[in-house]
Amino acid sequence: MPAQPVAVSSAASAADRPLTLIQARCLQLHAQCLLQPPRRCARPADLAAMVTRMRLLQIDTIHVVARSPYLVLHARLGDYPPEWLEQALAQGELAECWAHEACFVPSGDYALHDAWRHQRGHHWSYRHAARVHQEHRAEMDDLLAHIAREGPVRAADFAREDRGAGGWWAWKPEKRWLEAWFALGELMVARRERFQRVYDLAARVRASWPVAADDGGLATEALRERFILDTVRALGIVPARWIADYYRLKPQVSDRELASLVASGQLLAVAVRGWSVPAYVHADHAPALAKARAGRLRATHTALLSPFDPLVWDRQRAQGMFDFDYALECYTPAPKRRYGYFVLPILHRGALTGRLDAKAHRADGVFEVKALFLEEGVVPGERLVTELARALQDLAHWHGTPTVRVLRSRPAGFAGALRAALKRR
């Protein structure tokens with residue numbers, strides 16, 4: 001009998017024990033499906049399920065390697081046909097909207113984002129769309145009437161009379177008007193053809209979905225709470241200050257705001273060693289939290305990440321969680337770049353161990369690593385060489401550029417070791 005209180009006290013103290021930073025990393029990687037390699041070949045349903053798990057998948061058109069959404073999914077699903085993404089969109093499993101930025105989201109979440117659109121007036125896309133609509137109301141109304149009458153359109157369906165330099169403000173007028181109506185919620189992307197958006201009336205697109213998207217009549221406060229909870233679930237573990245960026249919420253999320261969610265049991269407040277503020281875990285991840293505390297979440301995955309991967313797109317979060325200072329440099333003038341144009345972070349067994357500047361030469365079937373940089377203090381051991389070579393070869397093969405060329409690295413000798421490992425595969 002006397003032993004029983006001791007056992008209860010021991011269990012309670014174990015549950016309250018702070019996580020180590022490595023355990024916190026493993027919990028975040030678990031939530032993001034980057035803890036371990038895929039255990040089986042991907043199936044079509046896995047793609048929409050993965051977007052649902054992440055809650056959003058950022059879209060970017062840069063394709064010196066593969067376009068970002070495909071890379072994000074490859075890091076989690078392994079080899080899969082990229083056209084599954086367009087199929088999921090066309091079948092109404094996914095939708096496009098402005099969320100973090102332009103994103104694919106589960107179609108069931110679209111109504112939430114549409115209802116929240118009026119709270120996102122600070123975002124550049126909405127400000128620009130409102131200005132375009134004010135300046136070109138008659139032309140935009142005519143375009144909307146044309147689509148209502150004739151059906152879906154692409155920007156490519158309209159001839160261009162001038163040659164712009166690129167970017168939204170250099171698009172032909174119809175493209176700017178289509179994008180403005182998209183931001184304002186009157187048009188949606190019904191499907192993509194060769195990654196080009198095909199726009200249709202939002203009402204028609206939503207009517208074609210197998211399951212209707214419903215915001216449940218949530219008030220603004222409830223919608224914000226929903227986005228906060230979805231963010232914490234998607235990221236696994238976060239302090240309050242990292243939450244707002246995921247859905248671009250304003251104002252910033254505070255510990256005081258989260259107190260009611262902790263009191264209701266929807267969020268769990270935990271301590272992480274070295275952090276001066278509490279971290280938060282969604283109640284759905286309570287079993288994973290227990291495993292992390294017990295040291296039973298083990299990171300074994302090695303993958304190359306997109307610059308727009310949810311794990312790394314927030315520079316503050318990447319620094320705080322992984323001690324990885326990462327900034328996208330494709331919009332930086334070439335002389336000012338430290339690492340390269342399209343730099344992929346290297347995830348290796350729970351750590352961001354380096355980055356590489358890559359370019360896919362599709363016509364030649366060559367995946368070129370222009371430069372590879374390991375982080376300071378990373379020991380380039382045999383396991384890192386072997387597993388990175390495997391990840392590189394798998395990505396290159398999936399991309400249809402099976403020949404991998406590694407030009408240079410820091411440290412200098414790592415490139416040679418990596419070339420040798422690639423030859424053995």
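This dialogue goes through helix packing, strand pairing and burial in the structure above.

Student: What should I know about the model before reading it?

Tutor: This is a predicted model, in which local features need pLDDT of at least 70 and side-chain atom pairs count only at pLDDT 80 or more, while totals for chains, interfaces and linings use all residues. Residues are numbered from 1 along each chain as its sequence is written, and side-chain values use heavy atoms, with hydrogens and water left out.

Student: How are two packed helices described?

Tutor: They are described by the angle between their axes and the distance between the axes. Helices (H or I, at least four residues) and strands (E, at least two) are DSSP runs numbered from the N terminus; axes are lines fitted to C-alpha atoms, for helices over the stretch in contact, with angles from 0 to 180 degrees between N-to-C directions. Here helix H3 (residues 44-54) packs against helix H4 (residues 68-77) at about 100 degrees, their axes being 11 Å apart. That makes H3 roughly perpendicular to H4, given that angles under 35 degrees count as roughly parallel, over 145 as roughly antiparallel, 65 to 115 as roughly perpendicular and the rest as oblique.

Student: Which residues of H3 and H4 make the contact?

Tutor: With contact meaning heavy atoms within 4.5 Å, H3 contributes Asp-46, Leu-47, Met-50, Val-51 and Met-54, and H4 contributes Val-72, Leu-73, Arg-76 and Leu-77.

Student: At what angle do helix H2 and helix H15 cross?

Tutor: The axes of H2 (residues 21-31) and H15 (residues 315-322) cross at roughly 130 degrees and come within 9 Å, and the two helices are therefore oblique to each other. Leu-21, Ala-24, Arg-25, Gln-28 and Leu-29 of H2 meet Arg-317, Gly-320, Met-321 and Phe-322 of H15.

Student: How do strands of a sheet pair?

Tutor: They pair through backbone hydrogen bonds, either parallel or antiparallel; two strands are taken to pair if DSSP finds at least two bridges between them. One open sheet of 3 strands has the order S1-S3-S2 with antiparallel pairing, and its edge strands, each pairing on one side only, are S1 (57-58) and S2 (94-98). S2 pairs with strand S3 (residues 102-106) over 5 bridges in the antiparallel sense, with Glu-96 opposite Phe-104 in S3. Helix H5 (residues 83-90) packs on this sheet, where it touches S1, S2 and S3, and its direction makes about 85 degrees with that of S2.

Student: How many residues lie between S4 and S5 in their hairpin?

Tutor: The hairpin has 2 residues between its strands, and Arg-194 in the turn has a positive phi of about 50 degrees. Strand S4 (residues 187-193) and S5 pair in the antiparallel sense over 6 bridges, one bridge partner in S5 being Val-198, for Arg-191. In strand S5 (residues 196-201), 5 of the 6 residues are buried, so the strand is largely enclosed by the rest of the structure; buried means under 20% relative accessible area, exposed over 50%, and partly exposed in between (1.4 Å probe, protein chains only).

Student: Are the residues of strand S8 buried or exposed?

Tutor: All are buried in S8 (residues 279-282), with Ala-279 and Val-281 pointing one way and Tyr-280 and His-282 the other way. Strand S7 (residues 267-270) pairs with S8 in the antiparallel sense over 4 bridges, and strand S6 (residues 238-239) does so over 2 bridges. Ala-279 is the bridge partner of Val-270, and Pro-239 also stands opposite Ala-279.
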